Amino acid sequence: MAHYEHVFLARQDLSQSQVDALATTATEIVEANQGKVVKTESWGLKNLAYKIKRNRKAHFVMLNLDADGAAVAELERQTAINEDIIRWVTIRVDEHEEGPSVMMRKSDRERTRRREREGA
């Protein structure tokens, strides 16, 4: 089984529970094709650099997968059909990152800096 990172952007007008449901659906697709989702991270609602399908913001979600090519192809096919997902990318990696991803560490650093400024 190969290691993949699958990141998708969901429309800005979805609630967090709907975004979580999209992640759950993606997990079910992978598991139905004998794959495994190692980690799921929701990066939250973020601004986009440019409009994508009339959206200025999007919910970002990352899935770390252990799957074969057929499972990834099916996941991408289902993702392309879904109207709530405006963009996605799947990348094959040598190994999964341990602990939180770079995006999650970035938000932790920002929170720490903000606390330090407010306390000083």
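This is a short walk through a few side-chain contacts and one strand pairing in the structure above. Keep in mind as we go that the model is predicted.

Okay, let's begin with strands S2 and S3. They run antiparallel to each other, and the pairing goes over eleven bridges. If you want a spot to look at, find Lys 46, which stands opposite Ala 58 in S3. The two strands make a hairpin, with two residues between them. In that turn sits Lys 53, and Lys 53 has a positive phi of about 50°.

Now, stay with those strands for the aromatic rings. How many aromatic pairs does the count come to? Just one aromatic pair. The partners are Trp 43 and Phe 60, and the pair is stacked, with 6.5 Å from centre to centre and 25° between the planes. Trp 43 belongs to strand S2, residues 36-52, while Phe 60 belongs to strand S3, residues 55-67, so to speak across the hairpin we just saw. The two residues are 17 apart along the chain, and the pair links distant parts of it. Are these two buried or exposed? Trp 43 is buried, and Phe 60 is buried as well.

Right, next stop: Thr 90. You'll find Thr 90 in strand S4, which covers residues 85-93. What does the side chain of Thr 90 have polar contacts with? One partner is the side chain of His 6, at 2.7 Å. Another is the side chain of Glu 76, at 2.9 Å. If we leave out residues up to four places away in sequence, Thr 90 touches Tyr 4, Glu 5, His 6, Val 72 and Glu 76. So both polar partners turn up in that list of contacts too.

Last topic, the charges. Side chains of opposite charge can pair when their charged atoms come close. Here the count comes to four salt bridges, and I'll show you some of them.

Take Arg 11. Its side chain meets Asp 13 in a salt bridge, 2.9 Å from N to O. Arg 11 also meets Asp 84 in a salt bridge, this time at 3.0 Å. Where do Asp 84 and Arg 11 lie? Asp 84 is in the loop between helix H2 and S4, and Arg 11 is in strand S1, residues 2-11, so this pair ties together parts that are 73 residues apart in sequence. As for exposure, Asp 13 is exposed, with a relative accessible area of 55%. Arg 11 is partly exposed at 24%, and Asp 84 is partly exposed at 23%.

Then there's a bridge inside helix H2. Glu 74 forms a salt bridge with Arg 77, and their closest N and O atoms are 3.0 Å apart. Both residues lie in H2, three residues apart, which is about one turn of the helix. Glu 74 is partly exposed, with a relative accessible area of 23%, and Arg 77 is partly exposed too, with 44%. Back at Arg 11, salt bridges that share partners join Arg 11, Asp 13 and Asp 84 into one network.

So, if you open the structure yourself, try three places: the stacked Trp 43 and Phe 60, Thr 90 in strand S4, and the network of Arg 11, Asp 13 and Asp 84. That's it from me, thanks.

Key. Residues numbered from 1 in each chain as written. Predicted model: local features only at pLDDT ≥ 70, side-chain atom pairs only at ≥ 80, totals over all residues. Heavy atoms only, no water. Phe/Tyr/Trp six-rings, centres within 6.5 Å; stacked < 30°, edge-to-face > 60°. Helix = DSSP H or I, 4+ residues; strand = E, 2+ residues; numbered from the N terminus. Buried < 20%, exposed > 50% of the residue type's maximum accessible area, 1.4 Å probe, protein only. Polar contact = N/O pair within 3.5 Å; in protein donor to acceptor, adjacent residues only side chain to side chain. Contact = heavy atoms within 4.5 Å. Pairing = 2+ DSSP bridges.
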